[in-house]
Structure formats: C-alpha cells, structure tokens
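I set out to go through one structure and to write down what I looked up, entry by entry. The notes below keep to what can be checked against the coordinates.

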Amino acid sequence: MLFNIGDLVTRKSHNNDTVFKIVSISNDIVILKGLNIRLMADAVVSDLVHCVDCENDLILDDDKLTDRIISFSELDRDEYFYLPGKILHIDADDDYLKRCMNLYKKLNILSYGVVVNEKDMADQITKYLNETNPDILVITGHDAYYDKNNSDILSNSNYKNSINFIKTVINARKYENDHEKLIIIAGACQSNYEELIKAGANFASSPKRINIHALDPAIIASSVSLSNRNKPIDLIEILQKTKYGTDGIGGIITNGTMYVGYPR
C-alpha cells in the first residue's frame, strides 16, 4: 500500500488506537506525529493503515472541547464587559499551535503564539515574556516517559523533553516569581508532573504519565483567562474540561485573570 507524507494513519500493532500524521518516510521506516495527542512515534510501513474520515473527527473533537469552555464561561454580556487574561503560548509544534490559537480566537482571548524547539525554550522565554507581558504562559510541545525497568519516575533522564520544560519554567519564574501574577501551564505527553510543579508551574502534565490532547494546555489557559481575577478557580472543574481530566493535567488553586467591568 502506498503512503505519502501528510497521510493520516493508524498502527495495526496498537489496535489502531491512535491516529497519526506521517511526517517523514525513509525506506520502510515512517516517523509519525499524533493527530490529536502530543506524541511522536515511528513504525514500519507494513504496520500502517490509512485512516478514513479522520479530518472530520479532528474537527468534531476540537469543537466538543471548545464547547466545554464556552459552557464553563457563560457571561452576562448585556450588563457587564470582560477583559480576559492575556496568553503567551510557546509550542514546539506548529500544527498544534495553530489549533490552540484557533481556540483562543473563538473565545475572543488576546493571545500570542510562538514556535520554539523544546531545547531552545529556556534561552528564549525571557525575550518573549518581555515582549508580550502575559498573564498566562503556556510551555508545551512533545515529550515522552521512558520506563526504564520501573526506575525513578522523578528522574528527568527518563523523559524526552521534561528537563527542557522545567528549565523554561525556572527562567519564567525568574521573570515573575508570583504564581498569581503569571500563571504557568507546562508539559506535554507523559511529562514529569511533580518536577514541573516544583519548578514553579501552576498546572502541569502528566500526573499519570499518559498522553494528553493537543488542546489540553490551551483549554487550561482559556479557562483561567476567562475566570474572575478576584475569585479562586474551581480547580477540579477546570481540570475536567480537558480531554483526559486529572490523569492528564494537575495543578494548584489560584485566582483567575479576567477583569469584569460595568456598565457595558
């Protein structure tokens, strides 16, 4: 069967459980990127199956997750006006970033998106923080947990990119140490949750070392952006807005970032 770069496929060896996009082909080895989850993988050509109607499934999935935020943030626009918190979204993946930026646009949230490789994030984060002065910072891309015979789950050497996210959080906290003045959402699939929280993130993935949805960091950011600045967020409710709930992302209680004004 013929496969091309950009084709949407699943893997027979994994019971076709995840949809991927082909990003490169070299002889019989194919590099894959998760369509909905922040995961990179490889496979042999003979293991692949073309996925039918996957583009439609992607659109439906994004719409369902967007509806969760809309229902969460029902606002009285007849009497009041609202100024949601500003978001800076640093992402190592251009495709995922575009989808996240589309979510912010649908929700009328002022946001800035930048594509930066994970290994370069720590060095560049201060520049982008100075340029945008955000209320909320998202640091994400790709990650993976390598289970080395049940070795130390907190060791950053067991993760593909967690150390890069951790260093970026640490540098962001040098810019703004107050967890209320800068809300940080950090991590990707299977990231080192505990160490990201210790480094200074308000929210991080992944408590159960599972894959997270491409939009999950943006869902948290949007929820905080649309929550009242003078009230603590409902932590459990916000986490449940993500695709995989508290298995995928956890965090600490903090205030929202949205100003509410009157009259409209």
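The entries that follow take a helix, the nonpolar core, the aromatic pairs and the backbone in turn.

**Entry 1, the model and helix α2**

I note at the outset that this is a predicted model. I began with helix α2, which runs over residues 94–106, has 13 residues and reaches 18 Å from its first C-alpha to its last, close to the 18 Å expected at 1.5 Å a residue. I then looked up its burial and found that the buried residues of α2 are Tyr96, Leu97, Arg99, Cys100, Leu103 and Tyr104. Because these residues cover an arc of only 165° around the axis, they lie on the same side of α2. I recalled that an α-helix has 3.6 residues a turn, so residues three or four places apart point the same way. On the other side of α2 I found Lys98 and Lys105, and both are exposed.

I also checked the two ends of the helix. At the start of α2, a side-chain oxygen of Asp93 comes to within 2.9 Å of the backbone nitrogen of Asp95, while just after α2 I read a positive phi of about 60° for Asn108. One further contact concerns a residue of the buried list: Lys33 lies over the face of Tyr96, and I noted 5.4 Å from the ring centre.

**Entry 2, the core and helix α6**

I turned next to the largest nonpolar core, which has 27 residues, and asked which of them touch the most other members. They are Ile87, Tyr104, Ile136, Ile185, Phe203, Ile220 and Ala221. Looking up where the core residues come from, I found that α1, α2, β9, β10 (183–186), α6 (216–225) and α7 (235–239) each supply at least two of them, and that α6 gives the most, with five residues.

I therefore looked at the burial of α6, where ten of its ten residues are buried, so that the helix counts as mostly covered. The buried residues include Asp216 and Pro217 as well as Ile219, Ile220 and Ala221. Beyond this helix, in the loop between α6 and α7, I found Ser227, which is buried because its relative accessibility is 8%. A polar atom of the Ser227 side chain lies 2.6 Å from the backbone oxygen of Ser223.

I also looked up Tyr259, which has its place in strand β13 and counts as partly exposed at 47% relative accessibility. Its C-alpha atom is separated by 15 Å from that of Ala221, and the two residues are 38 apart along the chain.

**Entry 3, the aromatic pairs**

How many aromatic pairs does the structure hold? I found two. Tyr80 and Tyr262 form a tilted pair, with 5.2 Å centre to centre and 55° between the planes. This pair links distant parts of the chain, since Tyr80 is in the loop between α1 (54–72) and β6 (81–83) and Tyr262 is in the segment after β13 (259–261), 182 residues apart. Tyr80 is partly exposed, with a relative accessible area of 33%, whereas Tyr262 is exposed, at 54%.

The other pair is formed by Tyr145 and Tyr159, also tilted, with 4.9 Å centre to centre and 35° between the planes. I placed Tyr145 and Tyr159 in the loop between β9 (136–140) and α4 (162–175), 14 residues apart. Tyr145 counts as buried at 17% relative accessibility, and Tyr159 is buried, with a relative accessible area of 4%.

**Entry 4, the backbone**

I kept in mind here that most residues other than glycine have a negative phi, and most peptide bonds are trans. Against that, I found a cis peptide bond joining Ser205 and Ser206, with omega at about 0°, and placed Ser206 in the loop between β11 (203–204) and α6. The peptide bond from Tyr262 to Pro263 is also cis, with omega near -5°, and Pro263 lies in the segment after β13.

I then looked up positive phi values in residues other than glycine. Asn133, in the loop between α3 (118–132) and β9, has a phi near 45° and counts as partly exposed at 49% relative accessibility. Gln190, in the loop between β10 and α5 (193–199), has a phi near 65° and is buried, with a relative accessible area of 16%.

Note on methods:
Residues numbered from 1 in each chain as written. Predicted model: local features only at pLDDT ≥ 70, side-chain atom pairs only at ≥ 80, totals over all residues. Heavy atoms only, no water. Helix = DSSP H or I, 4+ residues; strand = E, 2+ residues; numbered from the N terminus. Expected span 1.5 Å × (residues − 1). Buried < 20%, exposed > 50% of the residue type's maximum accessible area, 1.4 Å probe, protein only. Arc of directions from axis to C-beta. Polar contact = N/O pair within 3.5 Å; in protein donor to acceptor, adjacent residues only side chain to side chain. Phe/Tyr/Trp six-rings, centres within 6.5 Å; stacked < 30°, edge-to-face > 60°. Lys NZ or Arg CZ within 6 Å of the ring centre and 35° of its normal. Core = buried A, V, L, I, M, F, W, Y, C linked by side-chain atoms within 4.5 Å.
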